[in-house]
Amino acid sequence: MPNATNWIRKNQRATTANLCEPYGFGVHIALLPQCPSKTVASLCCYITYGNDIYEWCRDHRVHHKFTETDADPHNMKRGFFFAHIGWLMCRKHPDVAKKGKTVFLGDLWADPIVRFQRRFYNPLVLFFCFYMPTMIPVWCWDETVWNSFFIAVMARYGVSMNSTFLVNSAAHKYGNQPFDKYIEARENPVVALLTGGEGWHNYHHVFPWDYATSELGYTFNLTKVFIDVMAMIGLAYDLKTANPNAIKERKLKSGDGARVKFNEKRKILYTPNVKNK
């Protein structure tokens, strides 16, 4: 099993399946999953069709390492539309490919589930993302194929993707910056609500190894609930969080003054494997 695996989180959280997608597999050493939870996360990645684990995590690693530069795949400094969806509609800046080659990806390729998913991603996406959501309503309650396709597939996919894209756009433009006012990432509760916890983005960029991606406990953070439940039943372990003293010091050092007095003890469902870093 790779040393740096966080299969539970990813930017796409608009549907229930998105709650257990891989978020930054190998990007942030936030938790270690057991094989069943990795398999479920991989399946959810097919359902939501947001790129395979290897490609998504490659872009996410590059985004964190070179954020707000030309090497950032969805650089917010190139505008809201570009960060939201424009980066998928044009050729990548040469720096993305050039500097992306400096990012280590060997731990990803060492995992057999990652290799399997990348090899068979397209046919399995057609089956799990398009065919099954279309046919289940047809089989179960005699829905028409076209209604099922446009509602259960296309509408769902459109809402899911645009909710995901808001993490790269709205959560880098609107909101406060309690931890670092010198970067574009913001705390955006609307995006957090839509994505199950990914809107607390200023915190995430400052403390990327924290599996909860927030200091606010379960506030608009269904993914944290899911991870804690997985830990409770033994399917995730070695959960890491940022040290409370480090959080407070960072607020005073570089924050914009928001939530300076916030001192709520972060609640978790399962504590033995949680480590402060």
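This text walks through some of the salt bridges in a predicted model and the exposure of the residues that form them.

The structure contains 13 salt bridges. Three of these pairs are taken up below, each with the distance between its nitrogen and oxygen atoms and the burial of its partners.

Begin with Arg58 and Asp59, whose side chains meet in a salt bridge with an N to O distance of 3.4 Å. Asp59 has a relative accessible area of 8%, which is under 20%, so Asp59 counts as buried. Arg58 has a relative accessible area of 24% and is partly exposed. This bridge therefore joins a buried residue, Asp59, to a partly exposed one, Arg58.

Next come Arg186 and Glu184. These two residues form a salt bridge in which the closest N and O atoms are 3.7 Å apart. Here the arginine is the buried partner, because the relative accessibility of Arg186 is 17% and the limit for buried is under 20%. Glu184, at 22%, counts as partly exposed.

In the third pair, Asp238 bridges to Lys240, and their closest N and O atoms lie 2.6 Å apart. Is each of these residues buried or exposed? Both Asp238 and Lys240 are buried.

Salt bridges can also be linked through the residues they share. Glu55, Arg58, Asp59 and Lys92 are joined into one network by salt bridges with partners in common. Arg58 and Asp59, the pair met at the start with a separation of 3.4 Å, are thus among the members of this network.

Terms used:
Residues numbered from 1 in each chain as written. Predicted model: local features only at pLDDT ≥ 70, side-chain atom pairs only at ≥ 80, totals over all residues. Heavy atoms only, no water. Salt bridge = Lys/Arg side-chain N within 4 Å of Asp/Glu carboxyl O. Buried < 20%, exposed > 50% of the residue type's maximum accessible area, 1.4 Å probe, protein only.
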